[in-house]
Amino acid sequence: MWSKESAAALPVEDRFEWFSDTVARALVPTAIKSSHAADFLAEVAALDLGAVQMSTFLHSPVRSRRPPALVRHSDPEQYQLAFVTGNPMWVSQNGQDSGLVSDDLVLYDTSHPFEAGAVDDPGAITRAVMIQVPREVLPIRAGRVDRLLARRIPAGAGMGAILVQFIGTLEAHARECGEHELGRLGGVLLDLVAACLAQHAGTYGELPVEARRQAMLERVKAFIEHNLGDPDLTPSAVAARHHISVRSLHALFRGEGESVSAFIRRRRLEQARADLARRDLLTLPVHTIAAHWGFTGPAVFSRAFRDMYGIPPRDFRRLAVSTPDCTDRHTILRAGHSPGWPSRPRLTSRIIRE
């Protein structure tokens, strides 16, 4: 479960000190300074995922330094991988410098001194999602990982994109999960972090079989999500795009509780259901929404919708727009619809390109 805190609950003069203490407790002790200490803004959230931890930090510009003395005094022996958005930040470690990072990932090691900071613009806010991975559980040799310290790791393609998409899913839906589920999701996150780092370190083939299997499963799911609107999205097409057999694809989904086809159908229905509940799409016919999400005909969509939700799509739309609370919160959340429709995709592997 997410635990959240905000400096806004404290007197202005105590906020920067609170943030410094929180970073020391949640991440690692560092010497932090800021030219905005007098009006500092910060929010922190933490999620316990068992083997790994995930935290989000929103804060005014700071500069931090972890000198050798602090390393000797306290070292959790972790790799900490940050997904940075908003105000750019940089990290320097082991003679390497990331340069300004925003909308990408950057890695550092708590067992070595480092410096980090954000662009010192008044009113600017850095947002960093921090993934804390104990060195002992990451299945990559330390010497290989050291090549990536303080280097910008792209989050717009390959395993970086898959990892960031999974991080977003955790942020949105972790509150709906129990302790056992969160532990399992922590294992998935660890596999994706390992796959992302191994891809950029050139050691992907050295990963354990299970880590590669999980990474492939998430790549496949991301590909499916990106192509839900394509009526030609079938298990055969998915397998071909990933250069695996259909049998291997079905094996990937064996532990998921549903087949590949069932996953595609469920996600299409969830997206369509979310759109049917949107007042700004009331002028679009039901069959247009169905076609947008890859259904090949109105009858096919109506039957599938009724089988899953127990009500015809037209009746659901009427109830949803007249009584907003009638829609199931978890289903709408899972659907994750955006304010506007993307252009209808065709089969593509652009977000999973090696």
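This is a short tour of one predicted model, stop by stop.

Before you click anything, know that residues are numbered from 1 along each chain as its sequence is written. Local features here need pLDDT of at least 70 and side-chain atom pairs pLDDT 80 or more, while totals for chains, interfaces and linings use all residues, and side-chain values use heavy atoms, with hydrogens and water left out.

**Stop 1: the sheet**

Switch to cartoon view and find the open sheet of 7 strands, ordered β1-β3-β4-β11-β6-β9-β12 with antiparallel pairing. Strands here are DSSP runs of E with at least two residues, helices are runs of H or I with at least four, and both are numbered from the N terminus. Two strands pair if DSSP finds at least two bridges between them. At the edges sit β1 (3–6) and β12 (152–153), each pairing on one side only.

Now select β11, residues 126–134, which pairs with β4 (residues 52–59) in the antiparallel sense over 7 bridges. Zoom in on H59: its bridge partner in β11 is T126. Then pick β6 (residues 78–86), which is joined to β11 by 9 bridges and also runs antiparallel to it. Here T85 stands opposite R127 of β11.

Is β11 largely enclosed or open? It is largely enclosed by the rest of the structure, because 7 of its 9 residues are buried. Buried means under 20% relative accessible area, exposed means over 50%, and partly exposed lies in between (1.4 Å probe, protein chains only).

**Stop 2: aromatic pairs**

Rings of Phe, Tyr and Trp (its six-membered ring) pair if their centres lie within 6.5 Å; planes under 30 degrees apart are stacked, over 60 edge-to-face, and the rest tilted. That rule gives 8 aromatic pairs. Select F253 and F263, a tilted pair with 5.8 Å centre to centre and 50 degrees between the planes. F253 lies in the loop between α8 (246–252) and α9 (260–276), F263 in helix α9, 10 residues apart. F253 is buried at 3% relative accessibility, and F263 is buried at 6%.

Next, show F305 and F316, another tilted pair: 5.6 Å centre to centre, 55 degrees between the planes. This one links helix α11 (residues 298–309), home of F305, to helix α12 (residues 313–322), home of F316, 11 residues apart. F305 is buried with a relative accessible area of 0%, and F316 is buried with 4%.

Add F295, F301 and Y309 to your selection, and you have the cluster that ring pairs build with F305 and F316. While you're there, show R273: its charged end sits over the ring of Y309, 4.5 Å from the centre. (That takes NZ of Lys or CZ of Arg within 6 Å of the ring centre and within 35 degrees of the ring normal.)

**Stop 3: a pocket**

Last, which residues are closest to the centre of the second largest pocket? They are S261, R265, R268, F295 and V300, out of 14 that line it. A pocket is an open set of points on a 1 Å grid where a 1.4 Å probe fits, with protein on both sides within 12 Å along at least five of seven lines; lining residues have an atom within 4 Å of a point. α9 gives the largest share of this lining, 4 residues.
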